[in-house]
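Dear colleague,

I am passing on a structure that I would like you to look over when you have the time. My notes on what was found follow directly after it.

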Number of protein chains: 2
Amino acid sequence: MPAPVSETRDKILDTAMRLFLEQGFQATGISTILREAGVHSGSLYHAFPNKEALLVGVLQRYQAGLRPIVMDPVEQAEPDPLERIFTLLAWYRSNMVATGCRLGCPIGNLALEVSDTYPAVRPEIDKNFENWADAILEWLEEAGDRLPASCDRRALSRFVLTVMEGGLMQVRTHDSLEPFDQSVAQLRAYVEALRVQADGERQ
Amino acid sequence: MPAPVSETRDKILDTAMRLFLEQGFQATGISTILREAGVHSGSLYHAFPNKEALLVGVLQRYQAGLRPIVMDPVEQAEPDPLERIFTLLAWYRSNMVATGCRLGCPIGNLALEVSDTYPAVRPEIDKNFENWADAILEWLEEAGDRLPASCDRRALSRFVLTVMEGGLMQVRTHDSLEPFDQSVAQLRAYVEALRVQADGERQ
DNA sequence: ATAACACTTGATTGATCGTTCAATCATCGA
DNA sequence: TCGATGATTGAACGATCAATCAAGTGTTAT
């Protein structure tokens, strides 16, 4: 039987993931992680050389979770590849509602907080963003000629991510979903315009 | 002659503004601000009750600077109200180039870093975002019937801010302007589609 | 039985954090 | 000339920070 992945390591990652999202990276002390995970400092530093490595571990976990936790459920719930974009945004919206607009995108938060200070972390955050954009790009390509031939699908996939992150950011301080909803409505209008344009091209 | 506004206070605000942008709020120690401003701790705590109040002062400074430093130059350089959107985005882009994609939007950074931790700061950040959206909204209303009647101008102004912030966020970790440029190109395509639609309505 | 190894314990480190405050200095009106 | 006031000085505070490590525990292979 293969040795089970260290459950201590998992417990630390679980707790750190949650606390980094709730309070940010710098604001989360090692001692808090230790207390809430029920682990002692030596164990943590046995599993991770330092706090930065712990953050990298958290980011790799987000990477691994993207497909099974985010994308697969969306694809199962919505067959239309273009509509999946808005199903994804609605899923994100419901997350915001559930947390009272207090949290945000864990990746986005870290991107702005630590991308300069901890250079080793930057590529990991970038990989997370790339994965999101790649997954959305697959949907856009699946849509085929329902988008105009001239439409840069990679740029559009990036755009979806941009709208999601930018909208979320404003929700954090506005304490209402209005900025997010307004932004998604504009994106919807844009995609509709693209659809109409593609319809014209197909005749 | 009216007494000059405390130059010590100004020097502290200047330095704090720069350091908060370069390193973030939490990562910037009071001692660093003191050293770089050439001021002693007593003077800082004479001008500000605590670090949070200093941050509020910085945010009020950004608010005051929006029109004279950002919007007025754009309006002077570009007469077409719709084109001003992209002049503004280009101005932001040039800022990114000048800093090697290392910094970002100072307001956006703070929004994600401290909006939960320091509740007194949240409204100040929100006011900054609102000011940006309000200024852009003026341009959109100036455009009159060059936008479709059905176009929600407030939502569109919000959308511009969303694209700017969301694009910038990804640039930070991607270390290239591609995500920003791609997002702006999509926004450009959307605005063009709105223009065409409005043209049709005007006949 | 024993040696090797992986992991845990938890007190402790030095550094740095934001903040305080008694003392000092500069400027002004009376 | 003499307070009065506002601003500056800078040593010091307790708290907390990330990180260390010698000692101990549990498991496994031989």
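I begin with the protein surface near DNA strand C, to which helix H3 (41-47) of chain A, helix H2 (30-37) of chain B and helix H3 (41-47) of chain B each supply at least two residues. Please keep in mind throughout that this is a predicted model. The largest share of that surface comes from H3(A), which gives 4 residues. There are 16 residues around DNA strand C, and those that come nearest are Thr8(A) and Gly42(A) from one chain, with Gly29(B), Gly42(B) and Asn50(B) from the other. In composition, the surface near DNA strand C divides into 12 polar residues, 3 nonpolar and 1 charged.

The two protein chains also meet each other, with 40 residues of chain B in contact with 40 residues of chain A. On the side of chain B that touches chain A, the elements that give two or more residues are helix H6 (106-114), helix H7 (122-142), helix H8 (153-174) and helix H9 (178-202) of chain B, and of these H8(B) gives the most, with 15 residues. The residues on that side of chain B divide into 15 nonpolar, 17 polar and 8 charged.

As to how the two copies are related, a turn of 180° with a shift of 0.0 Å along the axis lays chain B on chain A with an RMSD of 0.1 Å, and this is therefore the relation of a two-fold axis. The same surface serves both copies, in that 100% of the contact residues of chain B recur in chain A. Among the residues of chain B, the one that comes closest to the rotation axis is Gly166(B), whose C-alpha lies at 1.9 Å.

Finally, within chain A, helix H7 (residues 122-142) and helix H8 (residues 153-174) pack at an angle of about 125°, their axes being 8 Å apart, which means that H7(A) is oblique to H8(A). The crossing in which H7(A) passes H8(A) is right-handed. From H7(A), the residues Phe129(A), Trp132(A), Ala133(A), Ile136(A), Leu137(A), Leu140(A) and Glu141(A) meet Arg153(A), Arg154(A), Leu156(A), Ser157(A), Arg158(A), Val160(A) and Leu161(A) in H8(A). The residues of this contact of H7(A) with H8(A) divide into 9 nonpolar, 4 charged and 1 polar.

With best wishes

Note on methods: Residues numbered from 1 in each chain as written. Chains lettered and ligands numbered in written order. Predicted model: local features only at pLDDT ≥ 70, side-chain atom pairs only at ≥ 80, totals over all residues. Contact = placed C-beta atoms within 7 Å. Nonpolar A, V, L, I, M, F, W, Y, C, P; charged D, E, K, R; others polar. Least-squares fit on C-alpha atoms with pLDDT ≥ 70 in both. Near = placed C-beta within 6 Å. Axes fitted to C-alpha atoms, helices over the stretch in contact; angles between N-to-C directions. Parallel < 35°, antiparallel > 145°, perpendicular 65-115°, else oblique. Left-handed = near helix turned anticlockwise from the far one by under 90°.
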